[in-house]
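Please look over the chain shown below before reading on. The briefing that follows groups its points by topic, from the chain as a whole down to single residues.

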Amino acid sequence: PTSVGRIARSQWVVVDADGEKVYRFDAAGRFVGELGRAGSGPGEFRDATLVLDWGGDSTAIFDAGNSRTQIYSPSGRLARSQQWHGLSIWFAMRTPD
């Protein structure tokens with residue numbers, strides 16, 4: 001995996017090595033499902049590189065390949081997406097709203 005983070009305090013999110021798939025696991029390590037898929041549309045990834053807690057129970061997934069951050073709710077639904085314009089991933093990270 002490239003990155004591992006928590007979602008909803010009882011699930012784990014794991015980004016696979018190619019950065020195009022993000023998997024969800026419950027607290028016991030059982031597979032729950034995937035977040036998004038490979039691609040460039042909403043909820044899709046080209047190079048997911050980092051997973052972070054993002055205010056409350058939200059989870060941010062930074063996607064360098066699509067130059068954006070996608071924010072997921074505790075249920076695993078895409079809540080919003082923030083495009084980066086000419087910035088690297090490190091400058092795109094900021095304190096949650």
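**Overview of the chain**

The chain exposes an accessible surface of about 5300 Å², and carbon and sulfur atoms hold 52% of that surface. The model is a predicted one, and its elements comprise 1 helix and 10 strands. Read from the N terminus, these elements follow the order β-β-β-β-β-β-β-β-β-β-α.

**Confidence and overall packing**

- Over the whole chain the mean pLDDT is 82, with 85% of the residues at 70 or more.
- When the elements are ranked by mean pLDDT, helix H1 (residues 89-92) has the lowest value, 48, whereas strand S6 (residues 44-45) has the highest, 94.
- The chain has 97 residues, and 40% of them count as buried.
- Among contacts with a separation of 6 or more, 32% link residues that are 24 or more positions apart in the chain.

**The four-stranded open sheet**

- An open sheet is built from 4 strands in the order S1-S2-S3-S4, and the pairing within this sheet is antiparallel.
- Its edges are formed by strand S1 (3-7) and strand S4 (31-35), each of which pairs on one side only.
- From one strand to the next, the twist averages 25 degrees.
- Strand S3 (residues 22-26) runs antiparallel to S4 and is joined to S4 by 4 bridges; within this pairing, Phe-25 has Phe-31 of S4 as its bridge partner.

**Nonpolar cores**

- In soluble globular proteins, nonpolar side chains tend to be buried together.
- The largest nonpolar core of this model consists of 10 residues, namely Ile-7, Val-13, Val-15, Val-22, Leu-35, Phe-45, Ala-48, Val-51, Ile-61 and Tyr-72.
- At least two residues of this core come from strand S2 (11-15), and at least two come from strand S7 (48-53).
- Val-22, one of the core residues, touches Val-13, Val-14, Val-15, Gly-33, Glu-34, Leu-35, Phe-45, Ala-48 and Ile-61, when residues up to four places away in sequence are not counted.
- Apart from the largest core lies another, of 6 residues, which include Trp-54, Ala-60, Phe-62 and Trp-84.

**Strand S9 and its two partners**

- Strand S9 (residues 68-72) is mostly covered, since 5 of its 5 residues are buried.
- In a regular strand the side chains alternate between the two faces of the sheet.
- In S9, Arg-68, Gln-70 and Tyr-72 point one way while Thr-69 and Ile-71 point the other way, and all of these residues are buried.
- Strand S8 (residues 59-63) is joined to S9 by 5 bridges, and the two strands run antiparallel; here Ile-61 has Gln-70 of S9 as its bridge partner.
- The hairpin of S8 and S9 has 4 residues between the strands, and in this hairpin Ser-67 takes a positive phi near 50 degrees.
- S9 is also joined by 5 bridges to strand S10 (residues 78-83), again in an antiparallel arrangement, and Tyr-72 stands opposite Leu-78 of S10.
- The hairpin of S9 and S10 has 5 residues between the strands, with Gly-76 taking a positive phi near 90 degrees.

**Ala-60, a buried residue of S8**

- Ala-60 lies in strand S8 and counts as buried because its relative accessibility is 0%, where the cut-off for buried is under 20%.
- With neighbours within four places in sequence left aside, Ala-60 is in contact with Leu-50, Val-51, Leu-52, Trp-54, Thr-69, Gln-70 and Ile-71.
- Ala-60 and Ile-71 are 11 residues apart along the chain, and their C-alpha atoms are separated by 4.5 Å.

**Asp-53, an exposed residue of S7**

- Asp-53 belongs to strand S7 and counts as exposed because its relative accessible area is 53%, where the cut-off for exposed is over 50%.
- Leaving out residues up to four places away in sequence, Asp-53 touches Arg-6 and Ser-58.
- Between Asp-53 and Ile-71, which are 18 residues apart in sequence, the C-alpha to C-alpha distance is 9.5 Å.

Terms used. Residues numbered from 1 in each chain as written. Predicted model: local features only at pLDDT ≥ 70, side-chain atom pairs only at ≥ 80, totals over all residues. Heavy atoms only, no water. Buried < 20%, exposed > 50% of the residue type's maximum accessible area, 1.4 Å probe, protein only. Contact = heavy atoms within 4.5 Å. Areas by Shrake-Rupley, 256 points an atom, 1.4 Å probe, with all protein chains shown as cover. Pairing = 2+ DSSP bridges. Axes fitted to C-alpha atoms, helices over the stretch in contact; angles between N-to-C directions. pLDDT = per-residue confidence, 0-100. Core = buried A, V, L, I, M, F, W, Y, C linked by side-chain atoms within 4.5 Å.
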